[in-house]
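Please open the model in the viewer and keep the sequence panel visible. The tour below proceeds from the whole chain to individual helices.

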Amino acid sequence: MHKKQNIIPLKDLNLTSRFLFDEVMDDPQAHQDALSIIFGRNIPLLSKVETEKELRVSPLSRSIRMDVFSMDEGNSVYNTELSEEIGVKYMQAWEEKYYEREEGREEGRKIERQDMIKKKLQKNKSPETIADELELTLETILKLIKEMEAEPR
């Protein structure tokens, strides 16, 4: 007799799901990021991350099962257990890093556009021509020119 398994779509999973937790924590960088978020400092890991690792210190003793096992440069062992607190904390920090990167990228694109506009203005090109060449709206070009003029030199 076969048991019917409920298949949950990946989009409906979060880090409190055993499957997704193990998959994410299998990535050494993701695990290192999670530990850094939990401890509030950088944790440089040495060993390859292992999920569902059994550890036995003696043949006579019982083994323990760790959700995610890793070791840092100081030989500290990290046993990261699945918990809702870790999942929520990690996802919030990841989102913050994501948005910081996006803001940085957007700022970089803005600076690059302003540099191109400045060069084209030095060649006595009109804002309309610049908008056409850079495939941006005239409104965007005029806004960037105004911001460039307002910046202290």
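**The chain as a whole**

Followed from start to end of the sequence, the chain shows the pattern α-α-β-β-β-α-α-α. This amounts to 5 helices and 3 strands. The model is a predicted one. With the surface displayed, the accessible area comes to about 11600 Å², and 51% of this belongs to carbon and sulfur atoms. Of the 153 residues, 26% count as buried. Among contacts between residues at least 6 apart in sequence, 44% join residues at least 24 apart.

**Helix α2**

Next, select residues 28-39, which form helix α2. At 1.5 Å a residue, these 12 residues should span 16 Å, and the end C-alpha atoms are indeed 16 Å apart. At the start of α2, display Asp27: one of its side-chain oxygens lies within 2.9 Å of the backbone nitrogen of Gln29. Within the helix, the buried residues are Ala30, His31, Gln32, Ala34, Leu35, Ser36 and Ile37. Then move to Gly40, just after α2, where phi is positive at about 70 degrees.

**Helix α5**

Finally, select residues 138-150, helix α5. Its 13 residues should span 18 Å at 1.5 Å a residue, in agreement with the 18 Å between its end C-alpha atoms. Which residues of α5 are buried? They include Ile141, Leu144, Ile145 and Met148. These cover an arc of only 100 degrees around the axis and therefore lie on the same side of α5. An α-helix has 3.6 residues a turn, so residues three or four places apart point the same way. Rotate the view to the other side of α5, where Glu139, Lys143, Lys146 and Ala150 are exposed.

Definitions and conventions. Residues numbered from 1 in each chain as written. Predicted model: local features only at pLDDT ≥ 70, side-chain atom pairs only at ≥ 80, totals over all residues. Heavy atoms only, no water. Helix = DSSP H or I, 4+ residues; strand = E, 2+ residues; numbered from the N terminus. Expected span 1.5 Å × (residues − 1). Buried < 20%, exposed > 50% of the residue type's maximum accessible area, 1.4 Å probe, protein only. Polar contact = N/O pair within 3.5 Å; in protein donor to acceptor, adjacent residues only side chain to side chain. Contact = heavy atoms within 4.5 Å. Areas by Shrake-Rupley, 256 points an atom, 1.4 Å probe, with all protein chains shown as cover. Arc of directions from axis to C-beta.
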